[in-house]
Amino acid sequence: MADFKAVILGHTFVSSTQKPYVTQLTELAAQNRVTLEWAELREGPEQTTIWYCYPIVNGQAWASYNQAGSSKKEAKEKSAAETVRMLRRSNGGK
């Protein structure tokens with residue numbers, strides 16, 4: 001089982017308009033035998049619900065990549081994009 005952060009840093013991601021980051025991360029996890037799940041938290045009444053999502057990698061919460069959206073799908077995609085962006089940023093923008 002590979003270090004998933006290193007796998008992400010070594011991967012060339014396509015634009016999210018071509019393929020969602022959630023899909024790309026899910027595929028990377030499967031290829032590297034990494035368990036990738038998503039914490040999904042709902043806040044507020046049904047009409048104005050805000051969803052918060054962040055990845056859980058091999059049972060470890062990556063809560064620092066928590067993002068909000070008006071739907072689970074939006075929050076999860078924002079979190080996936082933030083995960084890629086922040087890991088690259090912390091690695092000198094590579």
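User: In this predicted model, what counts as a helix or a strand, and how many of each does the chain have?

Analyst: Helices are DSSP runs of H or I with at least four residues, and strands are E runs of at least two, numbered from the N terminus. Read from that end, the elements of the chain run α-α-β-β-β-β-α. The count for the chain is therefore three helices and four strands.

User: What is the radius of gyration of the chain, and why can the chain be called as compact as a globular protein of its length?

Analyst: For 94 residues the globule rule gives 12 Å, and the value for the chain is close to this, so the chain is as compact as a globular protein of that length. Along the principal axes, the C-alpha atoms fill a box of roughly 40 × 25 × 25 Å. The radius of gyration itself is 13 Å.

User: Which residues does the UniProt annotation "domain: DRBM" cover?

Analyst: The annotation comes from an unreviewed UniProt entry. In the model, the annotated span is 41% helix and 30% strand, and its end C-alpha atoms lie 20 Å apart. The residues covered by the annotation are 20-89.

User: What share of the accessible surface of the chain belongs to carbon and sulfur atoms?

Analyst: Buried residues, those under 20% relative accessible area, make up 35% of the 94 residues in the chain. The accessible surface of the chain comes to about 5,800 Å², and the share of carbon and sulfur atoms in that surface is 48%.

User: How far apart do the centres of the positive and negative side chains lie?

Analyst: The chain has 12 positive side chains, alongside 9 negative ones. Taking the centre of each set, the distance between the two is 6 Å.

Notes. Residues are numbered from 1 along each chain as its sequence is written. This is a predicted model: local features need pLDDT of at least 70, side-chain atom pairs count only at pLDDT 80 or more; totals for chains, interfaces and linings use all residues. Side-chain values use heavy atoms; hydrogens and water are left out. UniProt positions are given in the numbering used here, feature names are shortened, and annotations may be inferred rather than shown by experiment. The radius of gyration is taken over C-alpha atoms; the globule rule is 2.2 Å times the number of residues to the power 0.38. Buried means under 20% relative accessible area, exposed over 50%, partly exposed in between (1.4 Å probe, protein chains only). Accessible areas come from the Shrake-Rupley method with a 1.4 Å probe; for residues, only the protein chains shown count as cover. Lys and Arg count as positive and Asp and Glu as negative; His and the chain ends are not counted. The place of a charge is taken as NZ of Lys, CZ of Arg, CG of Asp or CD of Glu.
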